[in-house]
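Colleague: I have a model open and would like to learn how to read it. Could we go through a few features in turn?

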2 protein chains.
Amino acid sequence: MSTYAAPVRDMLFTMKEIGGLDAICTQPSHEETTPDLVEAILHEAASYAAGVLDPLNRSGDQQGARWHDGAVSSADGFGDAWKSFCDNGWAGMPAAAEWGGQGLPVLVSTAVLEMWKSSNLAFSLCQMLTLGAVEAIAHHGSDALKRRFLEPMVAGRWTGTMNLTEPQAGSDLAALRSRAMPEGDHYRVSGNKIFITWGEHDMAENIVHLVLARLPDAPAGVKGISLFLCPKFLANDDGTLGERNDLACTSIEHKLGIHASPTASMCFGERGGAIGYLIGEPHQGLACMFTMMNHARLNVGLEGVGVSERAYQHARAYALERVQGRPALAGSGTIAGHPDVRRMLMDMKARTEAMRALAYFCAGQMDRAAGHPDAQERTRAQALVGLLTPVVKGWCTDNALGIASDGMQVHGGMGYVEETGAAQYLRDARITTIYEGTTGIQANDLIGRKLAREGGATLKALLRRIDADAHRLIESPGPALAQIGGALAAAAHALEQATDWLLAHSDAQPQHCAAGAVPFLRLAGTVIGGWLSARMAEAAAAQLAAGTGDAGFLAAKLATGSHYAAHVLVQALMLRDIVTGGAGSTLALAVDQL
Amino acid sequence: MSTYAAPVRDMLFTMKEIGGLDAICTQPSHEETTPDLVEAILHEAASYAAGVLDPLNRSGDQQGARWHDGAVSSADGFGDAWKSFCDNGWAGMPAAAEWGGQGLPVLVSTAVLEMWKSSNLAFSLCQMLTLGAVEAIAHHGSDALKRRFLEPMVAGRWTGTMNLTEPQAGSDLAALRSRAMPEGDHYRVSGNKIFITWGEHDMAENIVHLVLARLPDAPAGVKGISLFLCPKFLANDDGTLGERNDLACTSIEHKLGIHASPTASMCFGERGGAIGYLIGEPHQGLACMFTMMNHARLNVGLEGVGVSERAYQHARAYALERVQGRPALAGSGTIAGHPDVRRMLMDMKARTEAMRALAYFCAGQMDRAAGHPDAQERTRAQALVGLLTPVVKGWCTDNALGIASDGMQVHGGMGYVEETGAAQYLRDARITTIYEGTTGIQANDLIGRKLAREGGATLKALLRRIDADAHRLIESPGPALAQIGGALAAAAHALEQATDWLLAHSDAQPQHCAAGAVPFLRLAGTVIGGWLSARMAEAAAAQLAAGTGDAGFLAAKLATGSHYAAHVLVQALMLRDIVTGGAGSTLALAVDQL
């Protein structure tokens, strides 16, 4: 069994070369965040992930969370780990300083969150949901709600949830039926919710549920949904806990993976209605929810990165230890010397590093959007974040499935045995393309709200940047960079053609566009990830030429960029062809011919 | 929960149009096999699969096989099902009539086996291993062994196993350590074996283990391995059971899937040596084992088809029932009307049907190789079987992972909940790319023994056929067939280029070839599967034009061929590029740079 070691060197390299760390550290709100401090934080977090969270990952998977009579016991060790997680300040670290967090750049907290995702995905979800709820309350809650709830939530004494889904309302929130009746300064909420991550557990004193429900006078559809805060225990003004609210966990799901993360079915209002407080304006619940959902989508994309990294490390450790057959490659006595094993490892590595680059790039743009001195830059960065959010979510998780599966394959027969641990990454990763909006939902968001609505302006501007970078690389003296540049230019052109096709057909043939939405999302991820991979290769080559940095690491970075170009970027033309030529057959059959 | 319904119509269509059923039925050994009889057998088998095996699939997964003190209890209902499976003559059906089987064409038994794989993969493995052992004994065993063992094994009263793997010897059988000492007319076998499918259970009176071990004078490596038959209970000459042999099941694995199929660790010779009988010549064990292994590889490829079909049916049933959102497609009130759901279903369907065509084509060639009146045709067919075996095994199982995963995705959040049943297909399918030789092993077999050794003659001849068919389609009046033909011609050209590249580099840069072996196998599967998909589309178009057959089914077949061309064949150029241009980066890093 391998031990997780956070790839701090690669994280720092990516934060600097792709995330724009140095510039972010000069922004007014982050002047105290020095690169040295960032490095120290990452090393601390790496040590915590390896020492506390990683050892609980497999035992948590085996034991799982257990439901009994409305209560949920977390897996052994999880309660203590959560306490130390809070005591060490990790729980609320990404939150604003105003509420007890550390107010660090999103880029920095993203790298730290990746470590929690890698070392223990199930555990990390409790923090992710809590931070999402904190953000929704901080942005949309009344001052009274903020005062009462934010401090204990940021401290991790209370945790948070998102209650969206109902049995008949999954991706389609318009079908939501939960109700809220006004009663004095609060509401009485009733309804049944499913798939509530960490909806019930024993790690915290209180659980703060954010619940989507309809007011009596609400219009139909998504424009009639409001957001309510329903704590498990009512909170007194002095911060102490009051009586138990009228809500209950009726069961938890038996899932393929993330066993230690309880997925609760919740029942609100069995005894007259759970007391709830309106967050934001009536009927504006969806907008409030999207505040937390957008951030959560980026973080689920980051789960794709984290699980992929962990699967890669696990497979690499096995490949460097297992002796079998006569390896063809010199210098390798183990199966890492078999070319096909090497191919799988290189694919895993190249994709994972490109996915990390994409996630960190997006995080860096969030910091720019929040604090860049130039308003135009802030607007531009915000548009990029909007465009990239579905790509990070959809593409990184989609890749993670293949990477986790390849990680099992590297193990051969041992990979299929649960004790080996490789299978857990596939089981855990498998939820990431589904929750917080399936890949199909992300792709529709991408081609609709993010592309067609603005005539493709943001993506076109990005493509001009990519094309300029590709041509600079083509002109570079080294053959490796020139090859990468050539592959990138061709792939970017394919993305542009697919974009033009979608823009040309979005009005007249929306269903044909929708049929190609997921392939288009994959194309966008492949190309933008390839752009960042190429930029990392270029930076590595420059540092190598300058004689700075670790030569072995930098040479590997350059070769990894070549691998991405030769094995991943080459998929761009095929994806373009599917987008532009695949809709007819996709939509050809009547349902009874399926 | 959907119920499995064997796709008898598609099976028969594929057997006739691709497998060459009519011609096989005229071969001397199969003159009694009329098309009507075949159809009746398929309907009987379909009814048995749906009525008996399918209902045990999920319960078997939940309960699993259980080990206790050396004994293994099969999951509830499995013992009764095995008994009825034998009583109904299914267990030994594919075996030769001489030993109690029905001596049907391989093509016919392949279609029937697909139904067992679809309805209950774990259960089907017991038969598959038994039939493999039957074949090895029938081909290589002495008359005495045949007389004593074949009849009860074909009847299913006794089952069979393959004991190859040892902890240090998985893909690398050269590292095998198990020993056999001569003692009179038999041997004493000792050693530890792992990953023995159905190595111990309570469904049959006896278990006949075929065990690879070394004789005292054996040369090192794979040329010093012999094959022994070690029954769990010794068999008296009168067919009754004698005393228990010196072999024991020490544990069974806790696996990701196929829970109801016990994967045993076996210990031979703890008390002086298990009595074993030599099969074939000393030191020729590997050749004997390959007799069963080649057939097993085809059957594991068929598992890819079977699980994919089942995953498709499950996803289709959910998509036709689940209401969510406003479907964009006319005539669909359910999520099947969402273009992206339709895309996933069409991808699953098009791939599965092409995989079925490939498996049946190969089965048909086995029948030609065995019984065609013309010796040259037999030789040609045998060469095709050799070439295609690793492709069927590698490509169909590789596809099955993606198809089973997409099946979960169609279900959204419900797909991640085990009760839904969709996750089991992914868990079960995940072993198929590993056992009976990983995809990497298949790919090395393909580019080495099957390609380089004969200068690519068989594949080149096949490519000429494919190219001729593609150009005939290009000239056809209908635009659908012409488009399919164009895509096929381009893809076949890509396969030819990749083939030429491999042949040109196999001597000087074998490790570069090995680095592209799996992408090459995928390319071969994509193109050959696409050829068969195109031929099915052509046959459907001809029948439509002639006004014969079910118009809805035939139109769907044609559209499915178009979908394969537009979504799968388009991958060929990318795979060629990876084969011909990807090795450099794959092999670039030193192991400490990974």
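The dialogue below takes up a helix, the chain interface, a buried residue and some salt bridges.

Modeller: Keep in mind that this is a predicted model.

Colleague: Let us begin with a helix. What length does helix 7 of chain A reach, and how many of its residues are buried?

Modeller: In general, an α-helix has 3.6 residues a turn, so residues three or four places apart point the same way. Helix 7 of chain A covers residues 121-140 and reaches 28 Å from first C-alpha to last, close to the 28 Å expected. Of its 20 residues, 16 are buried, so the helix counts as mostly covered, buried being under 20% relative accessible area.

Colleague: Next, the interface. How many residues of chain A are in contact with chain B?

Modeller: On chain A, 84 residues are in contact with 84 residues of chain B. The area buried between the two chains is about 6,700 Å², with 62% of it from carbon and sulfur atoms. Helix 18 (residues 551-567) of chain A gives the largest share of the side of chain A that touches chain B, nine residues. That side divides into 38 nonpolar, 29 polar and 17 charged residues.

Colleague: How many salt bridges does the rule find across the interface of chain A and chain B?

Modeller: Zero. Between the two chains there are 38 residue pairs in polar contact.

Colleague: Is A:Glu303 buried or exposed?

Modeller: A:Glu303 is buried, because its relative accessibility is 0%. A:Glu303 lies in helix 9 (residues 285-319) of chain A. Among the residues it touches are A:Lys117, A:Leu121, A:Met128 and A:Tyr435.

Colleague: Now the salt bridges. Which parts of chain B does the pair of B:Arg9 and B:Asp550 tie together?

Modeller: The general idea is that side chains of opposite charge can pair when their charged atoms come close. In B:Arg9 and B:Asp550 the closest N and O atoms are 2.7 Å apart. B:Arg9 lies in helix 1 and B:Asp550 in the loop between helix 17 and helix 18 of chain B, so the pair ties together parts 541 residues apart in sequence. B:Arg9 is partly exposed at 47%, and B:Asp550 is partly exposed at 37%.

Colleague: Are B:Glu309 and B:Arg356 buried or exposed?

Modeller: Both are buried: B:Glu309 has 7% relative accessibility and B:Arg356 has 1%. Their side chains meet in a salt bridge of 2.9 Å, N to O. B:Glu309 belongs to helix 9 and B:Arg356 to helix 10 of chain B, so this pair ties together parts 47 residues apart in sequence.

Definitions and conventions: Residues numbered from 1 in each chain as written. Chains lettered and ligands numbered in written order. Predicted model: local features only at pLDDT ≥ 70, side-chain atom pairs only at ≥ 80, totals over all residues. Heavy atoms only, no water. Helix = DSSP H or I, 4+ residues; strand = E, 2+ residues; numbered from the N terminus. Expected span 1.5 Å × (residues − 1). Buried < 20%, exposed > 50% of the residue type's maximum accessible area, 1.4 Å probe, protein only. Contact = heavy atoms within 4.5 Å. Buried area = accessible area lost by both parts, 1.4 Å probe. Salt bridge = Lys/Arg side-chain N within 4 Å of Asp/Glu carboxyl O. Polar contact = N/O pair within 3.5 Å; in protein donor to acceptor, adjacent residues only side chain to side chain. Nonpolar A, V, L, I, M, F, W, Y, C, P; charged D, E, K, R; others polar.
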